[in-house]
Amino acid sequence: MIPFDASGVFRPGAGNHELRRLAVRGAAATVSASGLALGAQVISTVILARLLTPADFGVVTMVTTFSLLVVSFGLNGFTEAVIQFEEMDHQTASNLFWLNTGAGLVLAIAFAAAGSLLARFYGNPLVADVAKGLSIGIFIQAGSVVHLALLMRAMRFGGTSTNDVVGRVANTVFSILFALRGWGYWALVTGILAQQLSLTVGAWWLCRWVPGLPRRNGKTGAAVRFAVKVYGQFSIAYSTRNIDNLLVGWRFNAVALGFYKKAFDLFALSASQLTAPLSNVALAALSRLNEDHARFRRYLASSLAMIAFLGMAASADLTLVGKDVVRLVLGQKWAEAGRIFEIFGPGIGAMLLCTTVSWTHLSIGKPGRLLRWGLVSLAITVSMFLVALHWGPVGVAAAWSISSWTLLIPGFWYAGRPIGFGVSDLMNAIWKYAAAALLAGLAAAAIIRHTRFWVTAGSSSFAFLAIISISALFITLYLGAVILLHGGFGPFRLLAGVLRELVPSRKAETAGAGVVGGPT
């Protein structure tokens, strides 16, 4: 894609009449690619869990808890600025590129130097060397941010999703190869660096744009201020999601953190597979509706209903089969992670919905409100974690689930005020799915309680059989409850309508030929 014309103006995108189709097809591309990335990640998880130890994962997590925050500078901030700003030209994008790349270099050097401080904080000397290794990736990934953002602004989500999959595969391949050679935790570090390099190379390949030299143009300052607010909010949200890793690693040790992190990854993976790939699609689509509040509310309510339909089901089902999933995927030596994952399960549906609060704030250009809400949610979540530390990693997992449900309604009440999206709109969109999941989950638990599936067994084949049997029972009960509560097949017709739009007509393909960037 060539994002700018000869005069430096961003090439016009499709009109509003094509917005829904572009958004749905973009979502289809990202969800499909996300499924492929999930496959690569599952393969990586299954193999590496048997080649490495909980301590290997724990020591890398001690560092990535901080490095991922640093590497996200620009990725969360400049990306949203490029997507959301009404006008974006070649010079402004060039200025943002050089600002972000320069910041990436400074942050990489600073993070490498801070490795010894992290080692003292955790009481683990291995942390210092891991920090030096991961600091390289901070600079590498900084070079991809603006290119990827331009692709997203043009709604080229097929390309960005493919790039993500290739990066995930690179991580998987390199991590496994070096783990087989006995590199221990360094195999994980190598995989992370390979993924970051792959993402940057792919971004430049897909977006055929070379930044110009930096120059004042009167527009960059506003974009930077917007980006700073977004990154500030992201930092708060990131701290909310990762302070548990810091506390578990600091209070206990690398082994305990390894168990906790693997359980959390399965929990977060289940949640992020739907919302993470849809986030940029939703932001791009909702940003074009921010002047039409009625359409905005309808679009948002429909999105939340679909997320609740899938998310509440995943939450209840994974609560029922959590231990079996961990035993099958990670192996018997990770049984402690299974206990923790089972506690995370009830919060998956609420977490899915909570992560979409940012869509409303950012799409209407209100990052300051998102920042303020982030501070509130951080304070509440950290308070719960500190209290829960007394009960160990299991207690922290319980605090996660409780905090997700606690913050759900206040978060949407605050986010929806500027566009008239109230608590009643939220509840109308999700309550029937939550009720269906609760009823079906309780009924399934009552049925399996008197079978051998209720008893934990060590066999992987038995774990697989338990997952299939319990999930089939739950899904049947859940779909029946959804039909009963909705008085018909309305949710399924809505889902079918979305799926039909995933297949483009010949007319749409012809019209789409003129979409941003022209032929690749």
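The following exchange asks why certain terms apply to this predicted model and answers from its computed values.

Me: What kind of model is this, and how are its residues numbered?

Reply: This is a predicted model, in which local features need pLDDT of at least 70 and side-chain atom pairs count only at pLDDT 80 or more, while totals for chains, interfaces and linings use all residues. Residues are numbered from 1 along each chain as its sequence is written, and side-chain values use heavy atoms, with hydrogens and water left out.

Me: How many helices and strands does the protein chain have, and what makes a run count as one?

Reply: The protein chain has 21 helices and two strands. Helices (H or I, at least four residues) and strands (E, at least two) are DSSP runs, numbered from the N terminus.

Me: Why is helix α7 called largely enclosed?

Reply: Buried means under 20% relative accessible area, exposed means over 50%, and partly exposed lies in between, with a 1.4 Å probe and protein chains only. Nine of the nine residues of helix α7 (residues 145–153) are buried, so this helix is largely enclosed by the rest of the structure. Among them are His147, Leu148, Met152 and Arg153. Just after α7, Met155 has a positive phi of about 60°. Across the protein chain, 54% of the 520 residues count as buried.

Me: How do you know that Asp89 and Lys219 form a salt bridge?

Reply: A salt bridge is a side-chain nitrogen of Lys or Arg within 4 Å of a carboxyl oxygen of Asp or Glu. The closest N and O atoms of Asp89 and Lys219 are 2.8 Å apart, and the pair therefore satisfies that limit. Asp89 lies in the loop between α3 (78–84) and α4 (90–113), whereas Lys219 lies in the loop between α9 (185–206) and α10 (220–251), so that the pair, 130 residues apart, links distant parts of the chain. With a relative accessible area of 14%, Asp89 is buried, whereas Lys219, at 37%, is partly exposed. By the same rule the count comes to five salt bridges.

Me: What makes Lys261 and Asp265 a salt bridge, and is each of them buried or partly exposed?

Reply: The closest N and O atoms of Lys261 and Asp265 are 3.1 Å apart, and both residues lie in helix α11 (residues 254–287), four residues apart, which is about one turn of the helix. Lys261 counts as buried because its relative accessibility is 18%, while Asp265, with a relative accessible area of 25%, is partly exposed.

Me: Why are Asp324 and Arg327 about one helical turn apart?

Reply: Asp324 and Arg327 are separated by about one helical turn because they are three residues apart in helix α12. They form a salt bridge whose closest N and O atoms are 2.5 Å apart. Asp324 is buried, with a relative accessible area of 6%, and Arg327 is also buried, with a relative accessible area of 6%.

Me: What makes a set of residues a nonpolar core, and which residues touch the most other members of the largest one?

Reply: A nonpolar core is a set of buried Ala, Val, Leu, Ile, Met, Phe, Trp, Tyr and Cys residues joined through side-chain atoms within 4.5 Å. In the largest nonpolar core, which has 105 residues, Tyr260, Phe344 and Tyr478 touch the most other members. Helix α12 (residues 293–329) gives the largest share of this core, 17 residues. Apart from the largest core lies another core of 30 residues, among them Ala81, Leu148, Met152 and Phe226.

Me: Why is Ser377 called buried, and which residues is it in contact with?

Reply: Ser377, in helix α16 (residues 367–388), counts as buried because its relative accessibility is 9%. Leaving aside neighbours within four places in sequence, Ser377 is in contact (heavy atoms within 4.5 Å) with Thr240 and Leu407.

Me: Why is Val173 called partly exposed, and where does Val173 lie?

Reply: Val173 lies in helix α8, and Val173 is called partly exposed because its relative accessible area is 40%.
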